[in-house]
Amino acid sequence: MEPSPVQKRIMGRVEADRDEIVGFLRGFLRARSPNPPGDTRDACRYVTDYLDSRGVGYDVVGPDAEKPNIVSGFKAARPGRRLILNGHMDVFPVGSGEGWSRDPWGGELVDGRVYGRGACDMKAGTTASIYTYLALRELRDELRGAATLTVVSDEESGGRLGAGWLVENVPEVLGDCCINGEPSSPYTIRFGEKGILWLRVRVKSQGGHGAYTHTSLNPIKVAARLITDLEELVDTPVDYPENLRRAIDEGRDAAERALGPGGADVMRRLSVNIGTVEGGVKVNVIPRECSFEVDLRLPPGLAKDDVMSRVREIVGRHPRASVEETRYDGPLWSPPDGEMAETMRASSRLLGIDPRPIVSLGGSDLKFWRGLGVPSYYYGPTNHGMGTVDEYVEVEELMHVVKVHLLSAYEYMTR
Ligand SMILES: [Zn+2]
């Protein structure tokens, strides 16, 4: 489809601001905000200085002064719905910086890539949200409804002090739809995320001398068999609603591309990770206990009770074994064929890429909005080096993401 004159104007505007956008991101990367410790005051000041320079008002709020959250809003000329533009400013830690070929806090631009911790997760996406917000604000006479920008802390440690705190304390951030630019790759739009169910399993016995294996059960051997059996959980049947099943089937190739080979299968099934194992005191002693932790990720459509009844059945096969839940956050999703998902797809198609709606494997701040029933989607750049060395974003992808966000937000606010 050909872009309309308005869409051409929006794309031209973003293109004209290319240096401004790339320059903003590079400076944002130089404002260090590793989490832990999660102190984002420098990054926050960088963003608020920018808003000040544009004459845009905002509030800095939150329960922890070292982890501030920025909120800014405006009303358009005519009444309508409220759109939320969200991004986080904390990033993964760097450690010693060993293994990086670029300065992780340098914001270097080399061969069409911007390098630095947070380049793809998610200062590029947050740059897209800030740019989109400011552009919409300038165009507010053409628009309906209202928009709120939330630039938050604490996402990398769960978001309770950031987006989680905002949705409970600042009514202005709730809105009718929320978008952000977490790394999705331009080929997928994320409409949901898998749930998290953590377990601790313990196996106990009386223990004994390592030569007297006839006197005591060995908890480590039992745990080893149990760990192998837990792999059966991967085949737990999932009862998908029809629109979800269709999206997951149609998104298969895009998921493989965005998540890596094998990613599509992991997206649609329960996954099992054994994160820690503890047990034993000495090589010639039969231990009294072995315990291990299990990280299960539940796809949308899978109920915790169904998983736990299978877990109990498997654990129950093994002598002296018990299981307890240590964390549960259920899977959350917005309609894969919802208005904003369709709008984002159409916007990206104008630029030559047809992204598919898929489910994320990890969590994001959108869970707080989805948990309240606010349709929420993310669309951002490819994950290059997220959480590891030489993280970067391609400038062309950054520009694509900014255009899709502004085109989609503009479209949403004219309806
Ligand atoms: Zn992120």
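Is strand 6 mostly covered or mostly exposed, and how many of its nine residues are buried? In this predicted model, strand 6 is mostly covered, with eight of the nine residues counted as buried.

The partners of strand 6 help to place this element in the fold. On one hand there is strand 2, made of residues 69-75, which pairs with strand 6 in the antiparallel sense through six bridges. Within this pairing, Ser72 sits opposite Leu149 of strand 6. On the other hand there is strand 3, residues 78-88, which runs parallel to strand 6 and is joined to it by eight bridges. Here Ile84 is the residue that stands opposite Thr148 in strand 6. A general point is handy when looking at such pairings: side chains in a regular strand alternate between the two faces of the sheet.

Following the chain onward from strand 6 (144-152), one comes to a loop that leads to helix 5 (163-169), and Gly159 lies in this loop. Why does Gly159 count as buried? The cut-off for a buried residue is 20 or more other C-beta atoms within 10 Å, and Gly159 counts as buried because it has 23 C-beta neighbours inside 10 Å. Leaving aside residues up to four places away in sequence, Gly159 touches Asp154, Gly164, Asp365 and Phe368. Distance along the chain and distance in space can be set side by side here: Gly159 and Lys367 are 208 residues apart in sequence, yet their C-alpha atoms are 9.6 Å apart.

Helix 13 offers another element to look at. This helix covers residues 395-412, 18 residues in total, and spans 26 Å from its first C-alpha to its last, close to the 26 Å expected at 1.5 Å a residue. Helix 13 is also mostly covered, since 16 of its 18 residues are buried.

At the level of the whole protein, the domain assignment gives domain 1 (5-193 + 331-412) and domain 2 (214-329). The C-alpha centres of these two domains lie 33 Å apart. Where they meet, domain 1 contributes 17 residues to the contact and domain 2 contributes 19. On the side of domain 1 that touches domain 2, the elements giving two or more residues are strand 8 (188-193) and strand 16 (356-360). Strand 16 supplies the largest share of that side, four residues. Sorted by class, the side of domain 1 that touches domain 2 holds ten nonpolar, four polar and three charged residues.

Conventions. Residues are numbered from 1 along each chain as its sequence is written. This is a predicted model: local features need pLDDT of at least 70, side-chain atom pairs count only at pLDDT 80 or more; totals for chains, interfaces and linings use all residues. The expected span of a helix is 1.5 Å times one less than its number of residues. A residue is buried if 20 or more other C-beta atoms lie within 10 Å of its own, exposed if 12 or fewer, and partly exposed in between; C-beta atoms are placed from the backbone. Two residues are in contact if their C-beta atoms, placed from the backbone, lie within 7 Å. Two strands pair if DSSP finds at least two bridges between them. Domain bounds come from an automatic or database domain assignment. Ala, Val, Leu, Ile, Met, Phe, Trp, Tyr, Cys and Pro count as nonpolar, Asp, Glu, Lys and Arg as charged, and the others, Gly among them, as polar.
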